[in-house]
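Here is a friendly walk through one protein model, written for someone who is meeting this structure for the first time. Please have a look at the sequence and the 3D view, and then read on.

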Amino acid sequence: MAVVPVMRNQIGSHLINPSTQQLQFWSQALNGKIKFWSNVTYTQCRSRFSQPKLSPQQVNTILRCNESHVDLSPSGSIKCFDVNQLPSNNPTEDRRAEARCVHTTGMLFGVFDGHGGWPCAEMICRRLFNYIAASLLPLDILEQVANRKDGDPLQLVQWYNKPYAGNFSRELGHLSDTSFNRYLGQLLKNTKPNSEFNMQDNLVKVFQQLDRDFWDEVEAAELSSSTSLLNEMLTIAMSGAVACVAHLDGVHLHIANTGDCRAVLGTLSESNTWVAKPLTKLHGFENPEEVRRLLGEHPANESSTIIKQERLFGQLSPLRAFGDFRFKWPVSMQKRLLVPLYGHNILPPNYYTPPYLTAKPEVTHHRLLPRDKFLVLATDGLWEQVPPSRVVQMVGEYMSGRQTLEPFRLPPAGKRHKGLVLGEINEILKQRQEGLHHKPIDANAATHLLRNALGGTEYGIDHTMLSQMLSVPEDVVRLVRDDITIVIVFFDKDYLRHRN
Ligand code: MG
């Protein structure tokens, strides 16, 4: 959901209503991405935002406390990746995950943006990669995994970060394990030797399966005698999450996206300018295709009630998401499970032909080329501050500035390639000369992006603006910026040069 970037646009311009001297903000209600207007007078706003400035060291500490860097070279098409996260909600509703598939050669990266709380985002973050990794197993390994004895360890992915922040109960963990074992059994049953495999269809099925398993787990919790388990499941079911996942295997990049996160590829053109290639489409009301899809799935006489104030039933911003079962379950199930807890108003008005929401992702495939340099995955908190073209420009400038900090070395000629020709060396030297103007303050590219997204101006970083953006009081910070999660994957140019 768009948040008006007050500090960037300078308070007092077009945001002020001249007759009332009031500022208007988009904001977020507690129970989802729900819009409402919040009116604050100019004087009130100035006093709320006029916090003492942070020192440069304090700014650095805030910007860098969640950053991390992983070097993978030499390891196929990925050289390294940088990640960072800046919370706005407390606790943050964003999650991220990076992992290597243990039994296959792919890598997985994901950003997950929760709404109505963090539980659904965390549930997806913990489980989705295992579902994907299982779906990619060769038949012989799938047989071993699906038929393993009770208690035998199961590791399908190796995590590069610990994706768990909140706590779920042991009972809930047991339900999840039962679902996953059932999923492994289904995979084994449906996988035939030498059967054709389509990665795009596969990722669609995996996303939908996990969401369906979650639905089934709520029903299993209802049948159990544990009220606490049912309440825990319903809390998660009332929240939702959008997800953007990249699977990289050699030169093959697949992106599966549900909701309003984005994946953008940074490519260096023939004329050495940075080009942003979007690999995702937004699943919101700004996308007419998506609105047509939604309305086409329901009777024509519902078209005026499904969409209200550019929200699903006037309430939910993304048109695809995990969880959010009050837009998916039949009325009977909502009356049985949700109405006793949340009252009759929990049922959206004119709710006749569910499901109105889906976790089905759109999947894109891109074959990496030598001019593809990096991939940025990020939650909408970043894209509300800067557009994709500017993000790619910032990371591109970081790359050219960064390489000037390291001594120039020719890549060694060897079995993999014959070395560079003079023209290529000349091009690299020219890029290094240009990069001298862009020496980054931050070693981490995701932090560089955060700093520039929040404090960048055409004249460089504005420290005052940046320190204000980072010191907004907790009770109003969500009016200014959303949780921001960034994953930047850098490709190995030598690998791509010799695979194309
Ligand atoms: Mg967000």
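Asp482 is buried, with a relative accessible area of 2%; buried means under 20% relative accessible area, exposed means over 50%, and partly exposed lies in between (1.4 Å probe, protein chains only). Before going further, note that this is a predicted model, in which local features need pLDDT of at least 70, side-chain atom pairs count only at pLDDT 80 or more, and totals for chains, interfaces and linings use all residues. Residues are numbered from 1 along each chain as its sequence is written, and side-chain values use heavy atoms, with hydrogens and water left out.

You will find Asp482 in the loop between helix 18 (477–480) and strand 20. Helices (H or I, at least four residues) and strands (E, at least two) are DSSP runs, numbered from the N terminus. Leaving aside neighbours within four places in sequence, Asp482 is in contact with Leu86, Ser88, Asn89, Asp113, Asp380, Gly381 and Glu384, where contact means heavy atoms within 4.5 Å. The C-alpha atoms of Asp482 and Gln385 are separated by 9.4 Å, and these two residues are 97 residues apart along the chain.

**The magnesium site**

Which residues coordinate the magnesium ion? They are Asp113 (OD), Asp380 (OD) and Asp482 (OD), at 2.0 to 2.2 Å. Donors are N, O and S atoms within 2.8 Å of the metal (3.2 Å for Na, K and Ca), and water is not among the atoms, so sites may look incomplete. Along the chain, the donors of the magnesium ion follow the spacing D-x266-D-x101-D. Distant parts of the chain are linked here: Asp113 lies in strand 7 (residues 107–115) and Asp380 in helix 13 (residues 380–383), 267 residues apart. Asp113 counts as buried at 1% relative accessibility, and Asp380 counts as buried at 5%.

**The open sheet**

Strand 20 also belongs to an open sheet of 6 strands, in the order 4-5-20-17-11-12, with antiparallel pairing. Two strands pair if DSSP finds at least two bridges between them. Strand 4 (68–71) and strand 12 (274–278) stand at the edges with a single partner strand each, so one side of each is left without a neighbour in the sheet. Neighbouring strands of this sheet are turned by 20 degrees against each other on average, direction ignored. Axes are lines fitted to C-alpha atoms, for helices over the stretch in contact, and angles run from 0 to 180 degrees between N-to-C directions.

Within the sheet, strand 17 (residues 372–378) and strand 20 (residues 484–491) run antiparallel and are joined by 5 bridges. Here Leu377 stands opposite Val487 in strand 20. Helix 16 (residues 445–455) packs on the sheet and touches strand 5 (78–86), strand 17 and strand 20; the direction of helix 16 makes about 130 degrees with that of strand 20.

Strand 4 and strand 5 pair in the antiparallel sense over 4 bridges, and Ser68 stands opposite Val83 in strand 5. Their hairpin has 6 residues between the strands, and Gly76 takes a positive phi near 70 degrees in it.

**A pair of helices**

Helix 4 (residues 119–135) and helix 6 (residues 170–190) pack at an angle of about 20 degrees, with their axes 10 Å apart. Helix 4 and helix 6 are therefore roughly parallel to each other; angles under 35 degrees count as roughly parallel, over 145 as roughly antiparallel, 65 to 115 as roughly perpendicular and the rest as oblique. Among the residues making the contact are Arg127 and Tyr131 of helix 4, and Phe180 and Tyr183 of helix 6.

**Backbone details in the loops**

Most residues other than glycine have a negative phi, and most peptide bonds are trans. The table lists some special cases.

| Place | Backbone value | Location |
|---|---|---|
| Asn90 to Pro91 | cis, omega near 0 degrees | Pro91: loop between strand 5 and strand 6 (94–101) |
| Pro354 and Pro355 | cis, omega about 5 degrees | Pro355: loop between helix 12 (339–342) and strand 16 (362–367) |
| Asn194 | positive phi of about 60 degrees | loop between helix 6 and helix 7 (199–223) |
| Asn350 | positive phi near 60 degrees | loop between helix 12 and strand 16 |

Asn194 is exposed, with a relative accessible area of 82%, whereas Asn350 counts as partly exposed at 31%.

**The whole chain**

The chain comes to 19 helices and 20 strands. Buried residues make up 54% of its 500 residues.
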